[in-house]
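Here is a short set of questions and answers to read alongside the model. Take each one at your own pace.

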Amino acid sequence: MDGESITRRLLTKAFDQPSGLLGCLGSHLMACGNAATERHAVALAAPAEQDVVLVIGPGPGIGLTAAAGRSAHVIGIDRS
C-alpha cells in the first residue's frame, strides 16, 4: 500500500466517515477549528424561533447547536 492510499484511509476515518479514535480526533479538530465560523454564520442568518433551520453537513454539530439556541425546529443531515 502506498503513502497516498494510507493517507486517504486515515483522512476518511477521521473526517469523511468518522470512526474509532481517529473519528473522535477528527470531530474534535473540526469542532475547534470551525466553531467561530459556524456560530457567525448562524448569527448572520438570524433564524427566528418559528423558523425551520436545515443544516446540511453539520459535522460535530456546532452550528446545529447554535441554530437550536435560536429556533425551535432544527434539522441536521450528514452523510457520515
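**Around Ser-5**

Q: Is Ser-5 buried, partly exposed or exposed in this predicted model?
A: The relative accessible area of Ser-5 is 28%. Buried would need under 20% and exposed over 50%, so Ser-5 counts as partly exposed.

Q: Which helix holds Ser-5, and how far is Ser-5 from His-28 in space, C-alpha to C-alpha?
A: Ser-5 belongs to helix H1. Along the sequence, Ser-5 and His-28 are 23 residues apart. In space, their C-alpha atoms are separated by 24 Å.

**The overall chain**

Q: What pattern does the chain follow when read along the sequence?
A: The chain has three helices and two strands. Put in sequence order, these give α-α-β-α-β.

Q: Is the chain more spread out than a compact globule, or less?
A: For 80 residues the globule rule gives 12 Å, while the radius of gyration of the chain is 15 Å. The C-alpha trace spans about 50 × 20 × 20 Å along its principal axes. Because its radius of gyration is well over the value from the rule, the chain is more spread out than a compact globule.

Q: What percentage of the residues in the chain are buried?
A: The accessible surface of the chain comes to about 5,600 Å², and 60% of that belongs to carbon and sulfur atoms. Counting a residue as buried takes a relative accessible area under 20%. Of the 80 residues in the chain, the buried share is 19%.

**Salt bridges**

Q: How many salt bridges are there, and which one has both partners in helix H1?
A: The count is two salt bridges. In one of them the N to O distance is 3.2 Å, between the side chains of Glu-4 and Arg-8. These partners are four residues apart, about one turn of the helix, and both lie in helix H1. That makes the pair asked for Glu-4 and Arg-8.

Q: Are Glu-4 and Arg-8 buried or exposed?
A: Glu-4 has 53% relative accessibility, and Arg-8 also stands at 53%. The cut-off for exposed is over 50%, so Glu-4 counts as exposed, and Arg-8 likewise counts as exposed.

Q: How many residues apart in sequence are the parts tied together by Arg-79 and Asp-16?
A: Arg-79 and Asp-16 form a salt bridge whose closest N and O atoms are 2.4 Å apart. Arg-79 lies in the segment after strand E2 (73–77) and Asp-16 in helix H1, so the parts they tie together are separated in sequence by 63 residues.

**Cysteines**

Q: Why is there no bond between Cys-24 and Cys-32?
A: The search of the whole structure gives zero disulfides. A disulfide needs sulfur atoms within 2.5 Å. The closest cysteine sulfur to that of Cys-24 is in Cys-32, and the two are too far apart for a bond because the distance is 13 Å.

**A nonpolar patch**

Q: Which helix gives the largest share of the nonpolar patch?
A: The patch is formed on the surface by Ile-6, Leu-10, Leu-11, Phe-15, Leu-22, Leu-25 and Leu-29, with about 580 Å² of accessible area together. Helix H1 (3–16) and helix H2 (20–45) each supply at least two of its residues. Leu-22, placed in helix H2, is partly exposed at 31% relative accessibility. The largest share, four residues, comes from H1.

Notes. Residues numbered from 1 in each chain as written. Predicted model: local features only at pLDDT ≥ 70, side-chain atom pairs only at ≥ 80, totals over all residues. Heavy atoms only, no water. Patch = residues over 30% accessible without salt bridge, like charges linked within 9 Å, V, L, I, M, F, W, Y side chains within 5 Å. Areas by Shrake-Rupley, 256 points an atom, 1.4 Å probe, with all protein chains shown as cover. Salt bridge = Lys/Arg side-chain N within 4 Å of Asp/Glu carboxyl O. Buried < 20%, exposed > 50% of the residue type's maximum accessible area, 1.4 Å probe, protein only. Rg over C-alpha atoms; globule rule 2.2 N^0.38 Å.
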